[in-house]
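Colleague: I have the model open and would like to go through it with you. May I ask my questions as they come?

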Amino acid sequence: MAKITTDLLVIGGSLAGLAAAITAKEANPDMEVTIVEKYTCGYAGKANRGGGVIDMMVGDPEDYVQYHVHHIGEYLNNQDALRQYATNLNHSIDILDKWTGGKMQKNPDGSYITLKWLSRVTGEKEDGKYTFDEPENLPWTLTAIELDFLPPMKKYAQKAGIKFIDRTGIVDFLKDGERISGAVGYNIDTEEQTVFACKAIVLASGGQNYRIMPMWSPGRGEGTAAAWRAGAKMSNCEFASFYNWISLDHYESSMGVEFCLYNDKGENVGKVYTEGAHPDIDARSLAECYKQVMAGNGPMHYHAAENPLMDYLGSVLGCTRVYDRPYADDFWGRLFFNAMTQQTNDHIVPGLIGECSPLWVDLNFATSIPGLYAAGDVCYGGSGTAGAVPPPPGRVRGSGLAFAQYSGCMCGPNAAAYVAGATQGAIDEAQVAAVDERFMAPKRNGGTIKVMDFLPEIHKVVQPLGNSIWRSEERINKAIERIEELKVKSKDLVADDAHTLFGCNEIQSMLISAELFFRTSLQREESRGWFLREDYQERSDKPEWIVVQKDGDGMCITKEPLPMDTYKYQQQ
């Protein structure tokens with residue numbers, strides 16, 4: 001067993017973790033900051049695996065707040081958190097450009113290249129770049145970054161004096177009384193245990209995506225589970241059901257499908273859900289897919305030639321018509337080649353991404369546990385910023401990178417201020433031993449079930465639209481019953497090396513996330529935003545957050561009214 005002492009321990013070496021570490025170190029240069037990453041810092045996480053687009057404010061941030069509350073979050077936003085996000089976002093992007101050595105995409109005059117969602121091609125410049133219109137439909141726009149931006153960001157952090165430990169996964173936290181005193185991790189190759197003593201932790205380990213969709217597979221919820229076992233408060237768990245439209249031939253996502261979603265009778269059944277305010281995919285179009293298939297009108301078909309987003313998507317991904325991003329163009333070019341060469345028909349199905357991000361944080365990104373802070377996907381839903389949607393993208397494409405950078409920049413200085421006034425807590429060897437007993441159990445207890453045989457059983461519960469989008473009391477209860485059965489069955493998981501030990505830990509994390517999701521779904525007796533109930537199709541008159549905390553081996557679920565009397569925008 002190795003022991004390491006640091007002032008601030010940052011868990012996760014992708015965008016949110018790096019941003020938190022850098023800003024914490026800059027706020028207190030004498031503080032020792034250590035990032036521990038399960039894989040390799042600068043290459044891990046989801047940040048460098050997407051489109052590289054970033055949500056950016058245009059005009060008055062208050063316009064964004066108003067639009068988001070009314071049309072996306074449906075009054076379930078923490079309006080103070082949303083306003084703080086909108087006000088600070090563009091400054092966070094400027095800092096990201098500095099840290100990455102200018103990886104943001106810019107015009108010749110140094111301004112950022114921006115494109116609003118649903119922009120259309122209007123012409124071509126002398127250099128071959130396209131020109132686009134700028135529709136007035138949305139009070140925000142999108143800018144972009146080259147996808148190899150994390151390695152230079154790591155180098156910036158190294159020059160600032162931040163320390164790095166790779167290939168070590170944190171599995172649980174240690175506490176001295178109620179406050180954080182450290183964490184326990186294991187090397188993913190050798191199983192060597194490391195005990196970290198620290199004054200505070202920033203958790204930036206990502207959300208829960210259930211290993212269904214390939215691009216999002218790094219999000220396995222281990223940080224959420226560790227925070228849960230430590231007693232942290234959770235919120236907005238029931239909104240963790242983001243889907244993208246996919247082909248089963250290649251599992252790559254298609255955007256804008258709802259504009260041209262046809263049943264097997266040749267009827268466009270999706271377009272009605274694009275009328276009015278339509279910032280991005282609507283959960284009602286997914287519910288319609290479920291209803292059509294259950295009525296015998298499947299399979300569903302995607303008529304790509306009718307998709308109004310194709311101008312946008314075909315110009316910014318795998319193409320040099322807007323940006324100069326060789327790394328991103330190669331990445332997306334290979335994905336598109338894979339998709340086009342493998343697709344055999346126009347059938348389309350919803351693929352669950354999940355985006356479970358329920359760790360509750362306040363405006364300083366402090367959790368309910370003293371000394372535990374969070375940034376990025378692990379706390380996006382729990383922050384209340386997005387409201388009644390599964391973030392990211394929360395119906396705002398580009399909000400994943402945007403929130404990761406913003407939250408890291410806000411979290412870091414607040415964690416540094418906490419460290420400045422804290423002393424090192426005691427490391428309880430009994431707690432360390434208990435962590436080791438839990439984590440190593442699949443190798444020591446003589447189990448028989450392999451991780452990859454168990455994983456599909458979780459998928460069968462969380463993936464179906466009837467469980468996770470168009471919900472009902474009967475189906476939710478059946479899902480909870482199955483999760484309880486799987487919790488018992490998981491005690492028979494077997495591991496024979498470090499990698500399968502971590503696989504077993506991931507399974508436990510998925511079961512915790514799924515139980516949080518279904519138990520809170522049962523308590524929300526309304527339809528609001530992304531959350532739809534077949535048996536409660538109207539929106540409640542009283543916006544309430546559903547809050548969950550650990551109660552022994554169970555869950556204590558309560559409803560917390562929003563402080564609407566302090567908010568500017570009232571439910572209509």
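Colleague: To begin with, which residue's side chain meets that of Glu526 in a salt bridge?

Modeller: The partner is Arg528, at 3.0 Å from N to O. A salt bridge here is a side-chain nitrogen of Lys or Arg within 4 Å of a carboxyl oxygen of Asp or Glu. Please note that this is a predicted model, in which local features need pLDDT of at least 70 and side-chain atom pairs count only at pLDDT 80 or more, while totals for chains, interfaces and linings use all residues. Residues are numbered from 1 along each chain as its sequence is written, and side-chain values use heavy atoms, with hydrogens and water left out.

Colleague: Is Glu526 buried or exposed, and what about Arg528?

Modeller: Glu526 is buried, with a relative accessible area of 3%, and Arg528 is buried at 1%. Buried means under 20% relative accessible area, exposed over 50%, and partly exposed in between, with a 1.4 Å probe and protein chains only.

Colleague: How many salt bridges are there by this rule?

Modeller: The count comes to 42. Among them is one between Lys3 and Glu429, whose closest N and O atoms are 3.1 Å apart. That pair links distant parts of the chain, 426 residues apart: Lys3 is in strand β1 (residues 2-5) and Glu429 in helix α10 (residues 429-444). The helices (H or I, at least four residues) and strands (E, at least two) are DSSP runs, numbered from the N terminus.

Colleague: And how accessible are Lys3 and Glu429?

Modeller: Lys3 is exposed, with a relative accessible area of 55%, whereas Glu429 is partly exposed at 40%.

Colleague: Which residue forms a salt bridge with Glu124?

Modeller: Arg321 does, with the closest N and O atoms 3.2 Å apart. Glu124 lies in strand β5 (residues 121-124) and Arg321 in the loop between α7 (310-316) and α8 (326-342), so the salt bridge ties together parts that are 197 residues apart in sequence. Glu124 is exposed, at 53% relative accessible area, and Arg321 is partly exposed, at 27%.

Colleague: Which residues are linked in a network of salt bridges?

Modeller: Lys38, Arg211, Arg220, Glu222 and Glu506 are linked in such a network. Lys38 is also one of the residues in contact with Thr168, where contact means heavy atoms within 4.5 Å.

Colleague: What else does Thr168 touch?

Modeller: Leaving aside neighbours within four places in sequence, the other contacts of Thr168 are Val36, Glu37, Gly185, Tyr186, Asn187 and Phe196. Thr168 lies in strand β9 (residues 168-176) and counts as buried, at 5% relative accessibility.

Colleague: Let us turn to the sheet. In what order do the five strands of the open sheet come?

Modeller: The order is β8-β3-β2-β12-β19, with parallel pairing. Two strands pair if DSSP finds at least two bridges between them. The edge strands, β8 (163-165) and β19 (372-374), each pair on one side only. Strands β2 (residues 8-11) and β12 (residues 200-203) pair over four bridges, and Leu9 has Ile201 in β12 as its bridge partner.

Colleague: Which helix packs on that sheet?

Modeller: Helix α9 (residues 399-420) does, touching β2, β12 and β19; its direction makes about 170 degrees with that of β19. Axes are lines fitted to C-alpha atoms, for helices over the stretch in contact, and angles run from 0 to 180 degrees between N-to-C directions.

Colleague: Which strand is joined to β18 by five bridges?

Modeller: Strand β14 (residues 242-246) is, and the two run antiparallel. Phe242 has Gly354 in β18 as its bridge partner. Strand β18 (residues 349-354) is mostly covered, with five of its six residues buried.

Colleague: What do the buried residues of α11 pack against?

Modeller: They pack against β14, β18, α12 (465-468), α13 (473-489) and α14 (498-523). The buried residues of α11 include Phe454, Leu455 and Ile458.

Colleague: Finally, where is Asp109 placed?

Modeller: Asp109 is in the loop between α3 (79-99) and β5, and counts as exposed at 64% relative accessibility. Between Asp109 and Tyr302 the C-alpha to C-alpha distance is 40 Å, and they are 193 residues apart in sequence.
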